[in-house]
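Let's walk through this model together, starting from its core and working outwards. Keep the viewer open so that you can follow each stop along the way.

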Amino acid sequence: MWEKIKKILGYTWASPVTAVGLAYAGTCQLAGWYKWRGVRQDGLVWQVTDSSPNWLLYLWKTWAGHAVGNVVVLNCDPDTKLTFLEHELVHVRQCMRLGVFHPIVYGISMLAIWIACESSSPYWTVPFEVDARRTVGQVVDVEGLAAIAAKKLKSSKVDLNKN
Ligand SMILES: [Zn+2]
């Protein structure tokens with residue numbers, strides 16, 4: 001019973017953010033850019049389609065998904081890429097606990113890291129991402145080692161190309 005009440009309170013608390021997500025994902029669905037994939041746990045899930053314009057596909061190029069309240073948009077099949085779905089569902093639960101404060105605190109955290117923590121990546125270090133990655137067993141890379149390794153790999157490829 002308490003779990004059910006907690007869920008209802010969470011949906012209500014997150015509803016202003018979810019409303020923004022519904023307007024965003026619904027508009028993209030009307031345009032044929034996103035496809036409705038159904039309800040997964042507490043998430044209302046859409047998937048980016050190949051019919052999206054090039055500029056939108058370009059924006060999604062390095063992203064697997066995002067959550068806006070209870071709305072989840074994935075750039076992959078939610079039934080086969082379960083880790084990405086689970087990651088976004090962690091953000092959904094975060095928003096059900098913080099409501100409208102979730103995007104605000106998320107943004108302020110990233111901004112604070114960007115301004116004050118010169119050696120840290122705002123994305124990799126923001127606590128909400130660390131929590132989501134840790135929950136689903138993804139690499140928690142607060143040192144930004146993956147980004148550093150990718151840069152080194154990229155520069156070594158450039159060097160190889162030059163040779
Ligand atoms: Zn995330």
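Which residues have the most contacts inside the largest nonpolar core? They are Val 71, Val 72 and Val 73, in a core of 21 residues. Two or more residues of this core come from each of α1 (2-30), β2 (43-48), β3 (65-68), β4 (71-74) and α3 (82-98). Among these elements, α3 gives the most, with six residues. To see how the core is joined up, centre your view on Val 73: setting aside residues up to four places away in sequence, Val 73 touches Ala 25, Tyr 34, Trp 46, Val 48, Gly 65 and His 66.

Now zoom out to the whole chain, bearing in mind that this is a predicted model. The average pLDDT of the protein chain is 91, and 92% of the residues score at least 70. One stretch calls for care: over residues 159-163 pLDDT stays under 50, and the model has zero contacts there beyond four places in sequence. Where pLDDT is low, the predicted coordinates should not be read in detail.

The secondary structure comes to seven helices and four strands. Following the sequence, you will meet them in the pattern α-β-β-α-β-β-α-α-α-α-α. The C-alpha trace spans about 65 × 40 × 25 Å along its principal axes. Of the 163 residues, 22% count as buried. If you take contacts between residues at least 6 apart in sequence, 51% join residues at least 24 apart.

The chain is divided into domain 1 (1-99) and domain 2 (100-163). Taken over C-alpha atoms, the centres of domain 1 and domain 2 are separated by 22 Å. Where the two meet, 11 residues of domain 1 are in contact with 12 residues of domain 2. On the domain 1 side, α1 and α3 each supply at least two of the residues that touch domain 2. Here α3 gives the most, with eight residues. By type, the residues on this side of domain 1 divide into five nonpolar, five polar and one charged.

Since α3 gives the most to the core and also the most to the side of domain 1 that touches domain 2, let's spend some time on this helix. How far apart are the end C-alpha atoms of α3? They are 24 Å apart, which agrees with the 24 Å that its 17 residues should span at 1.5 Å a residue. The buried residues of α3 are Phe 84, Leu 85, His 87, Glu 88, Leu 89, His 91, Val 92, Cys 95 and Met 96. As you turn the helix in your viewer, a rule of thumb helps: an α-helix has 3.6 residues a turn, so residues three or four places apart point the same way.

Another residue to find in helix α3 is Arg 93. Is Arg 93 buried or partly exposed? Because Arg 93 has 19 C-beta neighbours inside 10 Å, and a residue needs 20 or more to be buried, Arg 93 counts as partly exposed. Gly 69 is 24 residues away from Arg 93 along the chain, and their C-alpha atoms are separated by 8.5 Å. Just after α3, Gly 99 takes a positive phi of about 60°.

Next, move to the loop between α6 (127-136) and α7 (145-162), where you will find Gln 138. Gln 138 counts as partly exposed because it has 15 C-beta neighbours inside 10 Å. Leaving aside its neighbours within four places in sequence, Gln 138 is in contact with Thr 83, His 87 and Arg 133. His 87 is one of the buried residues of α3. Val 140 is also in the loop between α6 and α7. With 14 C-beta neighbours inside 10 Å, Val 140 counts as partly exposed. Its contacts, again leaving aside neighbours within four places in sequence, are Val 130, Arg 133 and Arg 134.

One last stop takes you back to domain 1. In the loop between β1 (34-40) and β2 sits Gln 41. Although Gln 41 is not a glycine, it has a positive phi of about 50°. Most residues other than glycine have a negative phi. Gln 41 is exposed, with 12 other C-beta atoms within 10 Å.

Technical notes
Residues numbered from 1 in each chain as written. Predicted model: local features only at pLDDT ≥ 70, side-chain atom pairs only at ≥ 80, totals over all residues. Core = buried A, V, L, I, M, F, W, Y, C linked by C-beta atoms within 7 Å. Contact = placed C-beta atoms within 7 Å. Domains from an automatic or database assignment. Nonpolar A, V, L, I, M, F, W, Y, C, P; charged D, E, K, R; others polar. Expected span 1.5 Å × (residues − 1). pLDDT = per-residue confidence, 0-100.
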